[in-house]
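Let's take a look at how charged side chains pair up in a protein, and at what its cysteines are doing. Have the sequence and the 3D view ready.

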Amino acid sequence: MQEVIIRQANISDIDTVTELENSCFPVSEAADRKAFELRLRNYPECFRLLEMNGQAVSMINGMTTNENDLCDEMYSGTDMYAAHGKWLMLFGVATAPAYQKSGFASQLMECVIEDTKKQERRGIVLTCKEELIPFYSRFGFVSEGISDSEHGGAEWYQMRLTLE
């Protein structure tokens, strides 16, 4: 039997989340260990891990803010972080390649959406590549078009889930 647990990540998970990130994203787009250390030390409440039989197989991380749009500066700093911010900005959704298309990212997303509702935030904002728009649309996210993000040199679409 597979035991699946979703939990908040903490600083002791830094090597695991860095490795997971690197297995899912190109080097130009992947957050490095330093970025994860900053996130886990400053806003671990915005970081969820899904473990199966004790192994981390999927994660979602971000930060809360009062800013309305996700911008590249958020990835590497804490200036825009607000513990009781109106919006949860998602920086990354990652599932280990061997476990992709198994529903783990969906389970995590449902958990994060439910947590965000309980925290009475306005909603969730993320950026994704065009091919992932249908995935996020299934949860109620709406594409707002091409983002101003230049992260990793890719073209990103901003998506928003409004909960109010």
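Here is a short tour of the salt bridges, followed by the cysteines.

First, some ground rules: this is a predicted model, where local features need pLDDT of at least 70, side-chain atom pairs count only at pLDDT 80 or more, and totals for chains, interfaces and linings use all residues. Residues are numbered from 1 along each chain as its sequence is written, and side-chain values use heavy atoms, with hydrogens and water left out.

**Salt bridges**

Searching the whole structure turns up eight salt bridges. To count as one, a side-chain nitrogen of Lys or Arg has to sit within 4 Å of a carboxyl oxygen of Asp or Glu. The table shows three, including two that involve Arg160.

| Pair | Closest N and O atoms |
|---|---|
| Arg7 and Asp13 | 2.7 Å |
| Arg160 and Asp69 | 2.9 Å |
| Arg160 and Glu144 | 2.5 Å |

Start with Arg7. Together with Asp13 and Glu51, Arg7 belongs to a network of salt bridges. Are these residues buried or exposed? Here "buried" means under 20% relative accessible area, "exposed" means over 50%, and "partly exposed" is in between (1.4 Å probe, protein chains only). Arg7 comes out as partly exposed at 23%, while Asp13 is buried at 7%.

Now for Arg160, which is buried, with a relative accessibility of 12%. One of its partners is Asp69, with which Arg160 forms a salt bridge. Arg160 is in strand β7 (residues 157–162) and Asp69 is in the loop between β3 (55–65) and β4 (87–95), so this pair ties together parts that are 91 residues apart in sequence. Strands like these are DSSP runs (E, at least two residues), numbered from the N terminus. Asp69 itself is partly exposed at 42%.

Glu144 is another partner in a salt bridge with Arg160. Because Arg160 lies in strand β7 and Glu144 in strand β6 (residues 142–146), this pair links parts that are 16 residues apart in sequence. Glu144 is partly exposed, at 41%.

**Cysteines**

How many disulfides does the structure hold? The count is zero, using a cut-off of two cysteine sulfur atoms within 2.5 Å. Cys46 is in no disulfide, and the nearest cysteine sulfur, in Cys111, is 13 Å away. Cys46 is buried, with a relative accessible area of 9%.

Why is Cys71 without a bond? Its sulfur is 15 Å from the closest cysteine sulfur, in Cys46, which is too far for a bond. Cys71 is partly exposed at 21%.

Definitions and conventions. Helices (H or I, at least four residues) and strands (E, at least two) are DSSP runs, numbered from the N terminus.
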